[in-house]
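Trainee: Could you take me through the inside of this protein? I'd like a close look at its largest cavity, and then at what is packed elsewhere in the interior.

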Amino acid sequence: MSSQALIKEPGRSPRLEIHARPKATPGTAVLRVATVGLCRTDLLVADDSIKITTPLILGHEFSGWVEDVGSGADAPAWIAPGALAAVNPTATGPFGADAYMGLDFDGSIATHVRVPFGKLHDAAGMDPRVAAYLEPVACALGSVDVLRTLRGRGLLIGGNRIASLTEQALRGDGAKNGYDLDVMDMDELRGCAAELACAYDWVVETNATQEMFALAALVLKRRGTLVVKSRHPGARAIEVRDYVLKEISVVGRTRSGFPEAMSWLRSHEAFVAGLIGAEFDIGDWQRAFAAANAGEAGKTFIKVNGA
C-alpha cells in the first residue's frame, strides 16, 4: 500500500510524492494523520534556511487516528483502531539534545505515520487541530518549569502565537506562585526600555534577535535571568560585557514534559482553539505554506485525512 507525503530534499523545493505506507511494528502504531500545524521550523526547513543533509518528510505538529497497532508488545488500552492521538514528535538526538520529526528524521505531512506507543497521548473528544498543538504547548510550558524557582517581576517579549501560549501558561502559574508578569512585543519594549532599566528579575524571549539580547540586558536587574526559548538557526551577536557585569544568568529551555503539556491542553482547549487559522488540504500544501509565511494571526494547518 502507498501513502502521500511532502518530501524535502536538500537544496530543492518540497514536493508531494507517493511514499511507502509504513507498517506497524512491535511497540508502534500506524496513525492515519488528521492534520498538521505549520510552525516556523517547517518554513525554515522548506526554504533551506535550516539545512538538512538527507531527504525527509516535513512536519511535526500533528494528530491522527490509530489505524494499526503492532503485535508482540503491550499497548495502553486506549491505543486501538479509531482512537485519536496527539503526538510527541521528539526523540533523543546526539549529545542528549532533542531530535525532531520533520527536521532530524521523517515527519508528519503524510497520509500515514508510524509512531512508538510512548509518544502517543490520548486525545479522545478533541478537535484534531487542538490535539496537534501538543508540541507548541510543551514549548510554552518549558518557561513555567524554569520560573517555578524564581519570583519577582518578569517580562515576556513577543507578539507571536508561541508568546500567546506562553503568556497564558505564565499568568496561570504566576497567580499560584506569586510572580508578576508584563508582556511586550519588540516595538513596545524598544520605546520604553530606557525607562525600565533594571526593572525585571527575569525575562522570557520568544524571538531571539541581537536587539532582543541587548534590550533584555538593559531591563534585567543585577543577577537577573534570561530564559531563551527560540530555536532559530544562525549566530546572534551579544554584548558579553553587559551580561557579565550584571551577572545575568542565561537559561535555555526547549519544553516541558509532554504528559504535563497534554493535561494543560485538555484544560485550555477553548483558548487554543482561538489560535487556529486556515486549514488547507494536503494537495494544496503550497498555499498552506504561503499562508503560514504571511503572518502570525492564526496557525495554518494542512488537513491530511478526514475523520
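Mentor: Happy to. Let's start with the make-up of the cavity wall: the lining of the largest cavity has nine charged residues, along with seven polar and seven nonpolar ones. Keep in mind that this is a predicted model. The structure holds one cavity of 30 Å³ or more, and the volume of the largest cavity is about 370 Å³. Its lining takes in 23 residues, and those closest to the centre are Cys39, Arg40, Glu61, Ile162 and Arg231. Among the elements, helix H1 (40-46), H3 and H4 each give the lining at least two residues.

Now for the packed parts. In soluble globular proteins, nonpolar side chains tend to be buried together. Here the largest nonpolar core has 40 residues, and the ones touching the most other members are Met126, Tyr133, Leu147, Leu165 and Leu265. Two or more residues of this core come from each of these: strands E6 (84-87), E12 (179-184) and E13 (200-205), plus helices H2 (128-131), H3 (134-147), H4 (161-177) and H8 (258-267). H3 makes the largest contribution, with nine residues. So H3 and H4 turn up twice, since they supply the cavity lining as well as this core, if you go by the DSSP runs that set the helices.

Zoom in on Met126 for a moment. Leaving out neighbours within four places in sequence, Met126 is in contact with Leu84, Ala131, Met262, Leu265, Arg266 and Glu269. Apart from this core there is another one, of 38 residues, including Leu38, Ala83, Met101 and Ala110.

Key. Residues numbered from 1 in each chain as written. Predicted model: local features only at pLDDT ≥ 70, side-chain atom pairs only at ≥ 80, totals over all residues. Heavy atoms only, no water. Core = buried A, V, L, I, M, F, W, Y, C linked by side-chain atoms within 4.5 Å. Buried < 20%, exposed > 50% of the residue type's maximum accessible area, 1.4 Å probe, protein only. Helix = DSSP H or I, 4+ residues; strand = E, 2+ residues; numbered from the N terminus. Contact = heavy atoms within 4.5 Å. 1 Å grid on protein atoms, 1.4 Å probe; cavity = no way out; pocket = protein on both sides within 12 Å on 5 of 7 lines; lining within 4 Å. Points joined across faces, edges and corners; volume = space filled by probe spheres on them. Nonpolar A, V, L, I, M, F, W, Y, C, P; charged D, E, K, R; others polar.
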